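Subject: Structure handover

Hello,

Here is the structure we talked about. Please open it before you read on; my notes follow below.

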Amino acid sequence: ADPDPLQDFCIADLAKTSTPINGFPCKLASNVTASDFIFNGLAVEGNTTNPFGSNVTAANVLAFPGLNTLGVSMNRVDLAPGGLNPPHHHPRATELDIVVKGEVLIGFISSGNVYFSSVLREGQMFVIPRGMIHFQMNVGKEKGLVITTFNSQLPGAVVAPLALFAAKPAVPNEVLTKALQVDEGVVQLIKSKFAASS
Ligand code: GLV
Ligand code: MN
């Protein structure tokens, strides 16, 4: 989904952000070494000790500047038994998942409100079309691991519960009570659940 590159590579210089551009400026080619094309961050298991029981480790351009202008990135999603990577969507990328470990329920909801889902095991893949709300849930008894890949160097992630209930400044209660057709107490209760995480 990203634009095509105009050179072989453009290792992001993340510090040079004073002039806003679409992406990041390139590190001087004479300073580029093999290490600019290597990232070890996905080798490390994420800490799933949190209310969702999940952890996403990103290998996007911000973590791995070598991806700048190349239109690809990956995440590592660790899931404790019962853990959930909560419903979210990526405004800039299609997502391709491969289950590496465990039994994982993966689902997305289309813009026609059709729910597509399946329980996947090691080696099985699931494609999430760009922009669709989706999640991964570990329905097995062991740890789950999913590697997710994107056709964007920075897919972005809008996490539905956090967007609605943990935005800063807050979305007004009267918007949420009307949208969800519930009383204000319900909205306040849900907001309180996410107060610490925002
Ligand atoms: C999983 O959905 C991810 O965005 O890594
Ligand atoms: Mn995703």
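Which residues of α2 are buried? They are N173, L176 and T177. These three cover an arc of only 100° around the axis, so they lie on the same side of α2. In an α-helix, residues three or four places apart point the same way, because there are 3.6 residues a turn. The cover over the buried residues of α2 includes α1 and α3. The face turned away from the buried side carries exposed residues: E174, K178 and A179. Please keep in mind that this is a predicted model.

Now the ends of that helix. Between α1 (160-165) and α2 (173-180) there is a loop, and P169 is found in it. The peptide bond joining K168 and P169 is cis, with omega about -10°. On the other side, Q181 comes just after α2 and takes a positive phi of about 60°. Q181 is in the loop between α2 and α3 (184-194). Is Q181 buried or exposed? Its relative accessible area is 64%, and exposed means over 50%, so Q181 counts as exposed.

One more backbone point of this kind is T69. It sits in the loop between β1 (54-59) and β2. T69 is not a glycine, yet its phi is positive, about 75°. For context, most residues other than glycine have a negative phi, and most peptide bonds are trans.

Next, the sheet. In what order do the strands of the open sheet run? The order is β6-β5-β8-β3-β10, 5 strands with antiparallel pairing. β6 and β10 (158-159) stand at the edges. Each has a single partner strand, so one side of each is left without a neighbour in the sheet.

Look at β5 in particular. With β6 (residues 115-120), β5 pairs in the antiparallel sense over 6 bridges. Y115 in β6 is the bridge partner of I109. The two strands form a hairpin with 5 residues between them. In its turn, N113 has a positive phi of about 60°. β5 is also joined to β8 (residues 133-138) by 6 bridges, and these two strands run antiparallel. There, V104 has N138 as its bridge partner, and L105 stands opposite M137. Of the 6 residues of β5, 5 are buried, so the strand is largely enclosed by the rest of the structure.

That leads to the interior. What makes up the largest nonpolar core? It has 11 residues: V77, L79, V99, V104, I106, F108, L120, F126, I128, M132 and V146. Three strands each supply at least two residues of this core: β2 (73-79), β5 (104-109) and β7 (125-128). The largest share, 3 residues, comes from β5. L120 is a good place to start looking. Beyond its neighbours within four places in sequence, L120 is in contact with V99, G102, E103, V104, I106, M125 and F126. A second, separate core has 5 residues, among them F165, L176, V187 and F194. L176 thus links back to the opening question, as one of the buried residues of α2.

Best wishes

Notes. Residues are numbered from 1 along each chain as its sequence is written. Chains are lettered from A and ligands numbered from 1 in the order in which they are written. This is a predicted model: local features need pLDDT of at least 70, side-chain atom pairs count only at pLDDT 80 or more; totals for chains, interfaces and linings use all residues. Side-chain values use heavy atoms; hydrogens and water are left out. A nonpolar core is a set of buried Ala, Val, Leu, Ile, Met, Phe, Trp, Tyr and Cys residues joined through side-chain atoms within 4.5 Å. Buried means under 20% relative accessible area, exposed over 50%, partly exposed in between (1.4 Å probe, protein chains only). Helices (H or I, at least four residues) and strands (E, at least two) are DSSP runs, numbered from the N terminus. Contact means heavy atoms within 4.5 Å. Two strands pair if DSSP finds at least two bridges between them. The arc is that of the directions from the helix axis to the C-beta atoms.
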